[in-house]
Amino acid sequence: MIGRLRGAVAEIGEEEALIDVMGVGYVVRCGSRTLQRLPALGEEALLHIESQWSESAGLRLYGFGSREDRKAFVLLQAIQGVGPKAAMAVLDVLSPAELASAVAREDKAAVGRASGVGPKLAIRIVTELKGKPITDGPVFMGAPTTVAAAPAKPAPTGDAVAALMGLGVAEVNARRVVEAAAAKLGDEATVQALIKAGLQELGR
């Protein structure tokens, strides 16, 4: 099985990237956080890969920017009811360190922010990951102030992304245009202003 890929970024889609390794193109499914951090087309990328095989889909490659992301993805899928899509969704809203912090605090709401993860599944994730080595670093036990303080993601962006998704915009595109709008408008931008700017960027 493939465990790592290093090659040129040939294409970036909404849920996957095409990585050209010595003339062979590998389709790698990635979460929006990983896709947003890929280098420009033609530049070299390094992805940590989790290979999975099924009779219906054959071989699928899931790519991550770090070993910790891949490790958390595997741990999440060991939980009943958590498939690759749900695991990716959790890691789109929480880094492994943030996930470990949420588990330590039993913060079901933080995990439940992930697309497709309902309250019951969020409770199961928090319960079953308790004591598991999600991250190699220290686990922050206090309130998630580090998430709120991140300059690229002020608080209104989450609501703006959710609103755009409610209008039928794919999550990766919603996050892209909202974060671009937030960078232009500054930390004081309102949800309404971010939505308006996002729609303009999308040509709607």
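Two strands count as paired if DSSP finds at least two bridges between them. The model shown in every view is predicted.

**Figure 1. The whole chain holds 10 helices and five strands.** The chain has 204 residues, of which 39% count as buried. Consider contacts between residues at least 6 apart in sequence: 55% of these join residues at least 24 apart. The five strands form a closed barrel. The later views take the barrel strand pair by strand pair, then turn to helices.

**Figure 2. Five strands close into a barrel with mixed pairing.** The strand order is S1-S2-S3-S5-S4. From one strand to the next, the twist averages 55 degrees. S3 and S5 pair in the parallel sense. Antiparallel pairs include S2 with S3, S4 with S5 and S1 with S4.

**Figure 3. Strands S1 and S4 run antiparallel.** S1 covers residues 4–12, and S4 covers residues 44–54. Five bridges join the two strands. One bridge partnership sets Gly-7 against Ala-45 of S4.

**Figure 4. S4 and S5 form a hairpin.** Three residues lie between the two strands. The pairing is antiparallel and spans seven bridges. S5 takes in residues 58–64. Ser-51 has Leu-61 of S5 as its bridge partner. Leu-61 also stands opposite Val-28, a link to the view of S3 and S5.

**Figure 5. S2 and S3 meet in a hairpin with two residues between the strands.** S2 is made of residues 16–21 and pairs with S3 in the antiparallel sense. Six bridges hold the pairing. Val-21 has Val-24 of S3 as its bridge partner. Within this hairpin, Met-22 adopts a positive phi near 55 degrees.

**Figure 6. S3 and S5 pair in the parallel sense.** S3 comprises residues 24–29. Two bridges connect S3 with S5. Val-28 stands opposite Leu-61 in S5. Arg-29 stands opposite Tyr-62 in S5.

**Figure 7. Helices H2 and H3 each lie across three strands.** H2 spans residues 67–77 and lies across S1, S4 and S5. Its course makes an angle of about 20 degrees with S4. H3 lies across S3, S4 and S5. The angle between H3 and S5 is about 5 degrees.

**Figure 8. Helix H3 is largely enclosed by the rest of the structure.** H3 runs through residues 84–93. Eight of its 10 residues are buried, so the rest of the structure largely encloses this helix. The buried set includes three alanines, Ala-86, Ala-87 and Ala-89. Met-88, Val-90, Leu-91 and Val-93 are also buried. Asp-92 belongs to the buried set as well.

**Figure 9. Helices H8 and H10 cross at roughly 45 degrees.** H8 covers residues 156–166, and H10 covers residues 191–202. Their axes come within 9 Å and cross at roughly 45 degrees. H8 is therefore oblique to H10. The crossing is right-handed. On the H8 side, the contact uses Pro-156, Thr-157, Asp-159, Ala-160, Ala-163 and Leu-164. These meet Val-191, Leu-194, Ile-195 and Leu-199 of H10. By class, the contact residues comprise eight nonpolar, one polar and one charged.

Key. Residues are numbered from 1 along each chain as its sequence is written. This is a predicted model: local features need pLDDT of at least 70, side-chain atom pairs count only at pLDDT 80 or more; totals for chains, interfaces and linings use all residues. Side-chain values use heavy atoms; hydrogens and water are left out. Buried means under 20% relative accessible area, exposed over 50%, partly exposed in between (1.4 Å probe, protein chains only). Helices (H or I, at least four residues) and strands (E, at least two) are DSSP runs, numbered from the N terminus. Axes are lines fitted to C-alpha atoms, for helices over the stretch in contact, and angles run from 0 to 180 degrees between N-to-C directions. Angles under 35 degrees count as roughly parallel, over 145 as roughly antiparallel, 65 to 115 as roughly perpendicular and the rest as oblique. A crossing is left-handed if the near helix is turned anticlockwise from the far one by less than a right angle, and right-handed if clockwise. Contact means heavy atoms within 4.5 Å. Ala, Val, Leu, Ile, Met, Phe, Trp, Tyr, Cys and Pro count as nonpolar, Asp, Glu, Lys and Arg as charged, and the others, Gly among them, as polar.
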